[in-house]
Amino acid sequence: PIIMGQNIGTTVTALISSAGANKNAKRTAFVHLYFNVIGTILFLCGFYGLNALIQFSFFNETANTFGIAIVHTVFNVVTTAILLPFNRLLEKLAILTVPDSPADKKQENTLLDERLLTTPSVAVGRAMLTGSDMAEICRTALLQAMSTTRVWNDAIADEVLRKEDAVDHYEDVLGTYLVKLSAKHLSGEDNRIGDFERVSDHAVNIIKTAEEIRTKSIKFSEEALNDLSVLEAAVQDIVNRTVDAFQKGDTYAAGKIEPLEQVVDGLVREVKTRHIARLQAGVCTIEYGFVLDDLLTNYERIADHCSNIAVAMIEVAADKFDTHEYLANVKHGGSVKFEQRYEKYRGRYTFPPEAYSEPAENQAEG
């Protein structure tokens, strides 16, 4: 009983240290408490139950340091083995003890504890983890938004709007934290955060365009859908590559973003040209052209932001930040690697041949 009491007693230090901390810190302290209280109940029931059956030979002996160590070790190992499969239940119990309020859900970011600012290396790591979470939300929101241009879904549209609000909150909290973290302005990090936030804004714009397509019952021709499929595949590719590179801090992968951005720009121009040709041939409608222009603008801007993020990663890693100089050197410096990557991506994203023929008058003019 003394050993069991000591195990419960040690949780007091965690409870005291969690005073004034964020909710997750308090929940962690309560998980510690519940683990030991529940473990003690189970262990004592098992111990006295077995003793009643088999009569432990050491039960009436005077406790010594070795025996205390053995019992203490056995208690923790057995309790961990029993409760490990129920870790989610312990988590829910702690959340019930320290519940969230609506204001807390909006304001609290558990990763960015200001007490970590006294240890910059840890604080930077936490900031990067938070930035990675933000990037993942942006990626999911964009992919969800793009799906609504084909099949409208109210639930997905609402989810994208909620994600955009969450990203805005991430940007505010993370930007403030970075300013506190360093006396000098962390321009590279701030820019990457801002660009991810812009991507989520474009996801909302895509949702609005998709809603217009639905409300106006705008129908896409098969050729138009095929063109958009190629462009959207390239946009999804550049977003996935950018988020993955950012989350891993992989500057080599970041170096592959700019060639793909150039391919996306070319695809956007080609989609516009092909739409004009279809319009002249009477295959597409003017109404489709309006929503198409909105989609193309958003897709092109998304690729631009991905490029900004990649360039910022590379320049910060090189301890400098001159985006224009870097892009000029890459695009116009005769980089063989850039050209090879560009040609590789351009070959991957090609449009199918048009299935319609030109009007008779155009053929006669030709």
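How many nonpolar, polar and charged residues does the lining of the largest cavity have? By class, 7 nonpolar, 1 polar and 1 charged. Keep in mind that this is a predicted model.

Let me start with the search itself. Rolling a probe the size of a water molecule over the atoms shows where empty space is left. Across the whole structure, 2 cavities of 30 Å³ or more turn up. The largest cavity has a volume of about 50 Å³. Its lining is Ala135, Cys138, Arg139, Phe196, Val199, Val239, Thr242, Val243 and Cys306. Three helices each supply at least two of those lining residues: helix 7 (120–147), helix 9 (187–215) and helix 10 (222–248).

Two cysteines sit in that lining, Cys138 and Cys306. Are they bonded or not? The disulfide count for this model is 0. Cys138 is in no disulfide, and the nearest cysteine sulfur, that of Cys306, is 9.9 Å away. The cut-off for a disulfide is 2.5 Å between sulfurs, so that pair does not qualify. Cys138 has 1% relative accessibility, so Cys138 counts as buried. Now take Cys45. Its relative accessibility is 56%, so Cys45 counts as exposed.

Next, the pocket. The largest pocket has a volume of about 780 Å³. It is lined by 26 residues, and the closest to its centre are Ile3, Phe47, Phe58, Gly67 and Val71. Helix 1 (2–9), helix 3 (23–54) and helix 4 (65–83) each give at least two residues to this lining. By class, the pocket lining has 20 nonpolar, 5 polar and 1 charged residues.

Phe47 brings us to the rings. How many aromatic pairs does the whole structure hold? The search finds 7. One of them joins Phe47 and Tyr48, with centres 5.4 Å apart and 85° between the planes. That pair is edge-to-face. The angle cut-off for that class is over 60 degrees, which means 85° clears it. Tyr48 has a relative accessible area of 37%, so Tyr48 is partly exposed.

The pairing goes further. Ring pairs link Phe43, Phe47, Tyr48, Phe56 and Phe75 into a cluster. So Phe47 plays in two lists: Phe47 is among the residues closest to the pocket centre, and Phe47 belongs to the ring cluster.

One last contact, with a charge and a ring. Arg341 lies over the face of Tyr252. The distance from the ring centre is 5.4 Å.

To recap: a cavity of about 50 Å³, a pocket of about 780 Å³, 7 aromatic pairs and 0 disulfides.

Definitions and conventions:
Residues are numbered from 1 along each chain as its sequence is written. This is a predicted model: local features need pLDDT of at least 70, side-chain atom pairs count only at pLDDT 80 or more; totals for chains, interfaces and linings use all residues. Side-chain values use heavy atoms; hydrogens and water are left out. On a 1 Å grid over the protein atoms alone, a cavity is a set of points where a 1.4 Å probe fits but cannot get out, and a pocket is an open set with protein on both sides within 12 Å along at least five of seven lines; lining residues have an atom within 4 Å of a point. Grid points are joined across faces, edges and corners, and a volume is the space filled by probe spheres set on the points. Helices (H or I, at least four residues) and strands (E, at least two) are DSSP runs, numbered from the N terminus. Ala, Val, Leu, Ile, Met, Phe, Trp, Tyr, Cys and Pro count as nonpolar, Asp, Glu, Lys and Arg as charged, and the others, Gly among them, as polar. Rings of Phe, Tyr and Trp (its six-membered ring) pair if their centres lie within 6.5 Å; planes under 30 degrees apart count as stacked, over 60 as edge-to-face and the rest as tilted. Buried means under 20% relative accessible area, exposed over 50%, partly exposed in between (1.4 Å probe, protein chains only). A charge sits over a ring if NZ of Lys or CZ of Arg is within 6 Å of the ring centre and within 35 degrees of the ring normal.
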